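Have your viewer ready and a selection box open. This tour goes stop by stop, with a word on what to pick at each one.

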Amino acid sequence: MVKKTRDKFIEVARQLFARKGVENTTMHDIASASDKGRRTIYTYFKSKRDIFNAVIEQETDQLLERLNEIVRRNISPERKLEEYIKCRFETMREIVSRNGSLRAGFFRDVRKVDRARKLISKKEIALLRDILREGKALGTFDVDNCMHTAVLIIHAIHGLDVPYIRDNLTEQGVSKQMLTEYISNIFLYGIKKR
């Protein structure tokens, strides 16, 4: 019952945030739309930021599950890295597009984006580190420090989220498909043994 009520608040908040925007949605709005009292919502969430983070976390669980599937697949580390990058960009585009006015906030408020990313960055980095470790163990990748390399790759990918989602590199002749291929090649051939 507790999880069901909490999940209902999260889903209702996601819908309201997408429709009205985070700034224009109150805790009272969320409680009312959930057919619960404000006191009930405050037993689960301390603030609107807390429930916003829960919405983002739930949305990004989908991303992490997809990335986990890639890491577990019985394919080469090179292929895992390529699929990881492509999946990461496309799933983030889906999440941002699905959430209406969250999309505007994603493009407008860098601090909000950074807070949302912090919720999953460590998990993303750990998954990528596992791919790098596997490649290093197989003698495919020449990486001194898998953790540091994973951190840098993830932050480079984060820097390309907005251009990918907005598809604004096409003006320079770089399609979404080209972007994922080029980025994969830059990382892959920058760490692959020669």
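## First stop: Phe17

Select Phe17 to begin: its relative accessibility is 0%, so Phe17 counts as buried. Bear in mind that you are looking at a predicted model. Phe17 belongs to helix 1, which covers residues 2–20. Now add Phe52 to the selection. The two phenylalanines, Phe17 and Phe52, sit 35 residues apart in sequence, while their C-alpha atoms are 8.4 Å apart in space.

## Zoom out: the whole chain

Switch to a cartoon view of the protein. How many helices and strands does the protein have? You should find ten helices and zero strands. Reading from the N terminus, the order of elements is α-α-α-α-α-α-α-α-α-α.

Next, colour by accessibility. Of the 194 residues, 44% count as buried. If you turn on the surface, about 10600 Å² of the protein is exposed, and carbon and sulfur atoms supply 51% of that area. Contacts are worth a look too: among those with a separation of 6 or more, 68% are between residues 24 or more positions apart.

## Into the largest nonpolar core

Select Leu81, Tyr84, Ile85, Leu128, Ile131 and Phe187. These belong to the largest nonpolar core, which has 30 residues, and they are the ones that touch the most other members. Which elements give two or more residues to this core? They are helix 4 (48–72), helix 5, helix 7 (110–137), helix 8 (146–159) and helix 10. Helix 5 provides the largest share, seven residues.

Now centre the view on Tyr84 and show its surroundings. Not counting residues up to four places away in sequence, Tyr84 touches Leu67, Ile70, Glu124, Leu127, Leu128, Ile131 and Ile154. Leu128 and Ile131 will be familiar, since they were in the selection you made for this core.

There is also a second, separate core, with 17 residues. To find this second core, pick Met27, Ile30, Phe52 and Ile56, which are among its members. Phe52 is the residue you paired with Phe17 at the opening stop.

## Along helix 4: Thr60

Move to Thr60, in helix 4. Is Thr60 buried or exposed? Thr60 counts as buried because its relative accessibility is 4%, below the 20% cut-off. Draw a distance from its C-alpha atom to that of Met92: the two residues are 32 residues apart along the chain, and the separation is 8.2 Å. For contacts, leave aside the neighbours within four places in sequence, and Thr60 is in contact with Ile95 and Ile120.

## Helix 2 and the loop after it

Select Asp29, which is in helix 2. Asp29 has a relative accessibility of 22%, so it counts as partly exposed. Which residues is Asp29 in contact with, leaving aside neighbours within four places in sequence? Look for Leu16, Lys20 and Asn24. From Asp29 to Leu16 the C-alpha distance is 8.1 Å, with their positions 13 residues apart in sequence.

Follow the chain onward to Asp35, in the loop between helix 2 (27–33) and helix 3 (38–44). Asp35 counts as exposed because its relative accessibility is 67%. Check the backbone here as well: phi of Asp35 is near 60 degrees, a positive value in a residue other than glycine. Most residues other than glycine have a negative phi.

## A second positive phi: Asp167

Jump ahead to Asp167, in the loop between helix 9 (161–166) and helix 10. Here phi is near 55 degrees, again a positive value in a residue other than glycine. Asp167 counts as partly exposed because its relative accessibility is 29%.

## Last stop: a pocket

Finish with the second largest pocket, whose volume is about 170 Å³. Select Arg79, Glu82, Glu83, Lys86, Gln177, Thr180, Glu181, Ser184 and Asn185 to show its lining. Two elements give two or more residues to this lining, helix 5 (77–98) and helix 10 (176–191). Which element gives the most? Helix 10 does, with five residues.

Colour the lining by residue class before you leave: there are no nonpolar residues, four polar ones and five charged ones. Helix 5 and helix 10 both appear here, and both also give two or more residues to the largest nonpolar core.

Terms used: Residues are numbered from 1 along each chain as its sequence is written. This is a predicted model: local features need pLDDT of at least 70, side-chain atom pairs count only at pLDDT 80 or more; totals for chains, interfaces and linings use all residues. Side-chain values use heavy atoms; hydrogens and water are left out. Helices (H or I, at least four residues) and strands (E, at least two) are DSSP runs, numbered from the N terminus. Buried means under 20% relative accessible area, exposed over 50%, partly exposed in between (1.4 Å probe, protein chains only). Contact means heavy atoms within 4.5 Å. Accessible areas come from the Shrake-Rupley method with a 1.4 Å probe; for residues, only the protein chains shown count as cover. On a 1 Å grid over the protein atoms alone, a cavity is a set of points where a 1.4 Å probe fits but cannot get out, and a pocket is an open set with protein on both sides within 12 Å along at least five of seven lines; lining residues have an atom within 4 Å of a point. Grid points are joined across faces, edges and corners, and a volume is the space filled by probe spheres set on the points. Ala, Val, Leu, Ile, Met, Phe, Trp, Tyr, Cys and Pro count as nonpolar, Asp, Glu, Lys and Arg as charged, and the others, Gly among them, as polar. A nonpolar core is a set of buried Ala, Val, Leu, Ile, Met, Phe, Trp, Tyr and Cys residues joined through side-chain atoms within 4.5 Å.
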